[in-house]
4 protein chains.
Amino acid sequence: MQKGSLLFSQTISPRFYETDALGHINNVSIAGWLEVSRIGFIASLGGSDDVSPNDWALVSLQIDYLKETFFGTDVELRITDASVGNSSLTMLSEIWQNGQQTVRGKATLVHFDATSKRSKRIPDSLRKQLQASC
Amino acid sequence: MQKGSLLFSQTISPRFYETDALGHINNVSIAGWLEVSRIGFIASLGGSDDVSPNDWALVSLQIDYLKETFFGTDVELRITDASVGNSSLTMLSEIWQNGQQTVRGKATLVHFDATSKRSKRIPDSLRKQLQASC
Amino acid sequence: MQKGSLLFSQTISPRFYETDALGHINNVSIAGWLEVSRIGFIASLGGSDDVSPNDWALVSLQIDYLKETFFGTDVELRITDASVGNSSLTMLSEIWQNGQQTVRGKATLVHFDATSKRSKRIPDSLRKQLQASC
Amino acid sequence: MQKGSLLFSQTISPRFYETDALGHINNVSIAGWLEVSRIGFIASLGGSDDVSPNDWALVSLQIDYLKETFFGTDVELRITDASVGNSSLTMLSEIWQNGQQTVRGKATLVHFDATSKRSKRIPDSLRKQLQASC
């Protein structure tokens, strides 16, 4: 497999409590790592408003567990694509360990107002940054 | 929304540490609950071999977060469909709280040998139970 | 070991993702279960105000891991003692599985105002219930 | 407060799913971070045998939550003292954020054989490293 084009990358060390009795990283911990990469990518678009987790709601998540991921070796969390709708943002993720892609993720978030809990248009400044990043 | 037909149901109480700063149950905790329902359903097919978590690997997971889920009220985890392949098992899940469906999930597991880490055919006894349950 | 006197009891099923690569329930999951028992106990003092998690801050926690706890068998979470100070509440916990105590916990919470983040006296109604329960 | 002397330090970024509805990092996530620092410290004593999580069992954990810890700013996990018994190892931890100590931890682990699940003497090579580090 070849690495997808890179919008954002973050390296983390798997934690022992993220393993399960099968001896590998549990699927639920992987869902947590994907949140880390999404929030890290959005926060990296600094200078814009609305890059905090409080401005976004996750509406769908798809995870393909391609290979096992293990404790003991760092992993790279990558965002490889982002596509912007009116109020939605869809991101593709990859997780790599030891030169192999172990996870593929796809998530759609909606930009929303935390008080009214209603979706709202992604501000133009952020939209431009997202489109430039792709 | 109407509840799907029922293969398995389990009621759990959301835990406070499963909330996040947005005041609702975090998306990662939901991924954990779906594991609970999958493993509970498979274990409920007692009398068969190979109904332990050690016999199955998760290969893909899709979660639609339809509404927010909250701390303070029980939720019902439901398995509403299961389809059996040669070595794969695909399950549909629903999470309900306060009369509303808040989550829809779909997961594909592969029956595998934990030692060799290779997939293997779902045994006929279990296959029959799964087909009877649908 | 003998079970301590009982103020509150709740039975839960260990979850597979709460195990770790040593094949038992991870120590961090146990910390989560103790939160479940504390919050369940306080909520059980219904009729009083201030029995929500938002009214309490954890200030110290001590956990003795007496034996391993495993996936596959229910556990009983017990609160066996509670002592009330002016604004603090100290609780003793036990976790039992298969007739054996596997965990002993002790936690001190402070009753506080979530807005000002300052401690405040435990209301008399709740104080009476706590003292009656011991 | 003054930082304790330093045996090991690791900086991590709090994760959004580690917050709870009170808007701060949940107490259970803190227990997880302390595991990260303990395992990181022991692993850092490279060159010795028995520095894997599989060689150690946690027997007691004490956590003082001194201040709230928040999402959005890195935290430093510190090991500030380690004392060695025959088969036991007691470590003191600190968590710092924004120039303030937010957590104090103390944990005792026992060196053990993962197969027999029996404690065994800490090997001399590791004992020397631990004593030199203090």
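Here are a few exercises on this predicted model, each with a worked solution.

Some ground rules before you start: residues count from 1 along each chain as its sequence is written, while chains are lettered from A and ligands numbered from 1 in the order in which they are written. Since the model is predicted, local features need pLDDT of at least 70 and side-chain atom pairs count only at pLDDT 80 or more, with totals for chains, interfaces and linings using all residues; side-chain values use heavy atoms, leaving out hydrogens and water.

**Exercise 1. Work out how chain B relates to chain C, and chain A to chain B.**

Step 1. Superpose the copies by least squares on the C-alpha atoms of residues with pLDDT of at least 70 in both. Chain B lands on chain C with an RMSD of 0.0 Å after a turn of 180° and a shift of 0.0 Å along the axis. The two copies are therefore related as by a two-fold rotation axis.

Step 2. Look for the residue of chain B that comes closest to that axis: B:Ile12, with its C-alpha at 4.4 Å.

Step 3. Now try chain A on chain B. A rotation of 180° with 0.0 Å of shift along its axis does the job, again with an RMSD of 0.0 Å. In chain A, the C-alpha nearest this axis belongs to A:Gln62, 2.2 Å away.

Step 4. Check the surfaces, taking contact as heavy atoms within 4.5 Å. For chain B, 100% of the interface residues are also interface residues in chain C, so these copies meet through the same surface. Chain A against chain B gives 100% as well, so that pair also meets through the same surface.

**Exercise 2. Find the partners of strand S5 in chain A.**

Step 1. Place the strand. Helices (H or I, at least four residues) and strands (E, at least two) are DSSP runs numbered from the N terminus, and S5(A) covers residues 100–113. Of its 14 residues, 10 are buried, where buried means under 20% relative accessible area, exposed over 50% and partly exposed in between (1.4 Å probe, protein chains only).

Step 2. List the pairings; two strands pair if DSSP finds at least two bridges between them. S2(A) (residues 56–65) runs antiparallel to S5(A) over 9 bridges, with A:Ala57 opposite A:Val110. S4(A) (residues 88–97) is joined to S5(A) by 10 bridges, also antiparallel, and here A:Ile95 has A:Val103 as its bridge partner. S6(A) (residues 118–119) pairs with S5(A) in the antiparallel sense over 2 bridges, including the one between A:Phe112 and A:Ser119.

Step 3. Inspect the turns. The S4(A)–S5(A) hairpin has 2 residues between the strands, and A:Asn98 takes a positive phi near 55°. The S5(A)–S6(A) hairpin has 4 residues between the strands, and there A:Lys117 takes a positive phi near 55°.

**Exercise 3. Describe helix H1 of chain C.**

Step 1. Get its length. H1(C) runs over residues 27–44, 18 residues in total, and reaches 26 Å from first C-alpha to last, close to the expected 26 Å. The expected span is 1.5 Å times one less than the number of residues.

Step 2. Check burial: 16 of the 18 residues of H1(C) are buried, so the helix is largely enclosed by the rest of the structure.

Step 3. Look at its start. A side-chain oxygen of C:Asn26 comes within 2.7 Å of the backbone nitrogen of C:Val28.

**Exercise 4. Classify two aromatic pairs in chain D.**

Step 1. Apply the rule: rings of Phe, Tyr and Trp (its six-membered ring) pair if their centres lie within 6.5 Å, with planes under 30 degrees apart counted as stacked, over 60 as edge-to-face and the rest as tilted. That gives 8 aromatic pairs over all chains.

Step 2. Take D:Phe8 and D:Phe41. Their centres are 6.4 Å apart and their planes at 55°, so the pair is tilted. D:Phe8 sits in S1 (residues 8–12) and D:Phe41 in H1 (residues 27–44) of chain D, 33 residues apart. D:Phe8 is buried at 14% relative accessible area, and D:Phe41 is buried at 1%.

Step 3. Take D:Phe16 and D:Phe71. With centres 5.5 Å apart and planes at 85°, the pair is edge-to-face. D:Phe16 lies in the loop between S1 and H1, D:Phe71 in the loop between S2 and S3 of chain D, 55 residues apart. D:Phe16 counts as buried at 6% relative accessibility, whereas D:Phe71 is partly exposed at 29%.

Notes:
Polar contact = N/O pair within 3.5 Å; in protein donor to acceptor, adjacent residues only side chain to side chain.
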